[in-house]
Amino acid sequence: DLIWTDPNGWILVLQIWINSIPMLLVVIYAPNENQNEFFKQLHGRIIALEKKNICILGNFNAIVDHQKDHSSGGRKRKKKRVLPKACEEMMTELSLINVWRKLNPKEKQFTFYSNPHQSWTRIDMVWMNGEIVNALKEIEILPNEWADHNPIQIMWKGRKKPKKRWALNTQLIKEKYVNKLKEELRYFLKENNNEATTKQNIWDTMKTVIRGTTI
């Protein structure tokens, strides 16, 4: 059920049910500017709804931990923005848990690659509280297939995991693009194939480069 939508397109609030448990689903796309005010207003709106089981997910346009949620491919670059104080206060007051990080305390995996900045970040997150945390079976960051962000898959207890395999649409590659694609990939690997970046992240990001070159 639709509860509220932000006229600017930043927030979508729904009431859904997970295994008969009512859940307030808040989907966000946090702006790059004035984030503290954005999360302060979001906090107030959620409090006013007086719901117990809350899930906030989406693009936060910020990270939690510089060491775990950001990589610049070995180059020294400007640090990525961290979640503002208003967001931290909201998470604390609502007892929201960064569920992917809770299940992967030491993992270094990312959801977004910035080609201009040559950096990887985990700016897409899922925060939960209440009974729905116990109903969670697993959560994982999937390979990037067509968008510029990696999808996050949430599996609930009692649900079967769907089988899905990424495959490149060969119709997208035409002869006139082959040389250009080789040049782009050669440059990409030269800049990013290093010890600071995992092979999985290189592969996920390389697909983005291929898509941007061939489509």
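Here is a short walk through one helix and some of the strands in this structure. Keep in mind that you're looking at a predicted model.

Let's begin with helix α1, which covers residues 35-49. Its 15 residues reach 21 Å from the first C-alpha to the last, close to the 21 Å expected at 1.5 Å a residue. Now check which of its residues are tucked away: Q35, F38, F39, L42, H43 and I46 are buried. They sit on the same side of α1, because they cover an arc of only 135° around the axis. Look at the other side of α1 and you'll find Q41 and A48, which are exposed.

So what do the buried residues of α1 pack against? Their partners are three strands, β2 (11-18), β3 (21-29) and β4 (54-59), along with helix α3 (85-93). Before you leave the helix, glance at E50: just after α1, E50 takes a positive phi of about 55°.

Next, follow β2 to another neighbour. Strand β1 (residues 2-5) runs antiparallel to β2, and three bridges join them. You can spot one pairing by finding T5, whose bridge partner in β2 is L12. Together β1 and β2 make a hairpin, with five residues between them. In that turn, G9 has a positive phi of about 85°.

Finally, there's an open sheet of three strands, in the order β5-β8-β7, with antiparallel pairing. The edges are β5 (70-71) and β7 (112-114), each of which pairs on one side only. Two bridges link β5 with β8 (residues 119-121). To see where these strands meet, look for S71, which stands opposite W120 in β8.

Conventions: Residues numbered from 1 in each chain as written. Predicted model: local features only at pLDDT ≥ 70, side-chain atom pairs only at ≥ 80, totals over all residues. Heavy atoms only, no water. Helix = DSSP H or I, 4+ residues; strand = E, 2+ residues; numbered from the N terminus. Expected span 1.5 Å × (residues − 1). Buried < 20%, exposed > 50% of the residue type's maximum accessible area, 1.4 Å probe, protein only. Arc of directions from axis to C-beta. Contact = heavy atoms within 4.5 Å. Pairing = 2+ DSSP bridges.
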